[in-house]
Amino acid sequence: MNAELFWQLIADICKLGEFIATTGTGEVSANIVGNFQVGYDGPETVIQRTGCDDHIHCRPGQITAFRFRYCDIGYGAEPCVELINRDSQVC
């Protein structure tokens with residue numbers, strides 16, 4: 001995906017409010033809760049939790065799609081935004 005478009009979509013999504021940002025596959029994962037914005041880790045653009053240095057690195061060239069759906073992680077169906085990689089998997 002085009003990096004400029006990717007980061008604009010992320011910035012727009014971040015304006016929707018508080019999220020649980022989840023990363024990782026397999027046996028390891030990380031969850032960061034809060035409001036997010038597009039930020040920087042040195043020269044690299046990242047998804048950053050507002051007010052602190054917690055952030056997520058993304059490679060827009062490896063992302064092929066955004067998937068918007070509802071997920072139930074134990075509290076009932078809630079809105080979910082998934083990033084889909086070149087292998088058609090959630091990343």
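## A salt bridge to start with

Arg49 and Asp54 are joined by a salt bridge, and their closest N and O atoms lie 2.8 Å apart. Bear in mind as you look at this pair that the model is predicted. How exposed are the two partners? Arg49 has 25% relative accessibility and counts as partly exposed, and Asp54 is also partly exposed, with a relative accessible area of 33%.

Why can such a pair form at all? Side chains of opposite charge can pair when their charged atoms come close. In this model the count of salt bridges comes to four, so let us visit some of the others, using the cut-off of 4 Å between a side-chain nitrogen of Lys or Arg and a carboxyl oxygen of Asp or Glu.

## More charged partners

Lys15 and Asp12 meet through their side chains in a salt bridge, with 4.0 Å from N to O. Is Lys15 buried or exposed? With 68% relative accessibility, Lys15 counts as exposed, because the label applies to values over 50%. Asp12, at a relative accessible area of 35%, is partly exposed.

Now turn to Glu82, which forms a salt bridge with Arg67; here the closest N and O atoms are 2.6 Å apart. Glu82 sits in strand 7 (residues 77–85) and Arg67 in strand 6 (residues 63–72), so this pair ties together parts that are 15 residues apart in sequence. Glu82 counts as buried, at 8% relative accessibility, whereas Arg67 is partly exposed, with a relative accessible area of 37%. There is a third member to find here: Arg67, Arg69 and Glu82 are linked in a network of salt bridges.

## A closer look at Arg67

What does Arg67 touch, leaving out residues up to four places away in sequence? The answer is Cys80, Val81, Glu82, Ile84 and Val90. You have already met Glu82 as the salt-bridge partner of Arg67.

For a sense of distance, try picking out Gln37 as well. Arg67 and Gln37 are 30 residues apart in sequence, and their C-alpha atoms are 19 Å apart in space.

## An open sheet of three strands

Next, find the open sheet of three strands, whose order is 3-4-5 with antiparallel pairing. Which strands form its edges? They are strand 3 and strand 5, each of which pairs on one side only. From one strand to the next, the twist averages 40 degrees. Helix 1 (residues 3–14) packs on this sheet and touches strand 3 and strand 4; the direction of the helix makes about 135 degrees with that of strand 3.

Let us walk across the sheet. Strand 3 (residues 36–41) and strand 4 (residues 44–49) run antiparallel and are joined by six bridges. Within this pairing, Gly39 stands opposite Val46 of strand 4. The two strands form a hairpin with two residues between them, and in the turn Gly42 has a positive phi of about 65 degrees. On the other side of strand 4, three bridges join strand 4 to strand 5, and these two strands run antiparallel.

## Ile56 in strand 5

Strand 5 (residues 55–57) includes Ile56, and Ile47 stands opposite Ile56. Is Ile56 buried or exposed? Ile56 counts as buried because its relative accessibility is 13%, and buried means under 20%.

Leaving out residues up to four places away in sequence, Ile56 touches Ala21, Thr23, Ile32, Val46 and Ile47. Glu27 gives a different view: Ile56 and Glu27 are 29 residues apart in sequence and 18 Å apart in space, from C-alpha to C-alpha.

## A nonpolar patch on the surface

Which residues form a nonpolar patch on the surface? They are Ile20, Val33, Ile73 and Tyr75, and together they have about 470 Å² of accessible area. One of them, Ile20, lies in strand 1 (residues 19–23). Ile20 is partly exposed, with a relative accessible area of 48%.

## An unusual backbone angle

Finally, move to Ser88, in the segment after strand 7. Most residues other than glycine have a negative phi. Ser88 has a positive phi of about 65 degrees although it is not a glycine. At 60% relative accessibility, Ser88 counts as exposed.

Note on methods. Residues numbered from 1 in each chain as written. Predicted model: local features only at pLDDT ≥ 70, side-chain atom pairs only at ≥ 80, totals over all residues. Heavy atoms only, no water. Pairing = 2+ DSSP bridges. Helix = DSSP H or I, 4+ residues; strand = E, 2+ residues; numbered from the N terminus. Buried < 20%, exposed > 50% of the residue type's maximum accessible area, 1.4 Å probe, protein only. Contact = heavy atoms within 4.5 Å. Patch = residues over 30% accessible without salt bridge, like charges linked within 9 Å, V, L, I, M, F, W, Y side chains within 5 Å. Areas by Shrake-Rupley, 256 points an atom, 1.4 Å probe, with all protein chains shown as cover. Axes fitted to C-alpha atoms, helices over the stretch in contact; angles between N-to-C directions.
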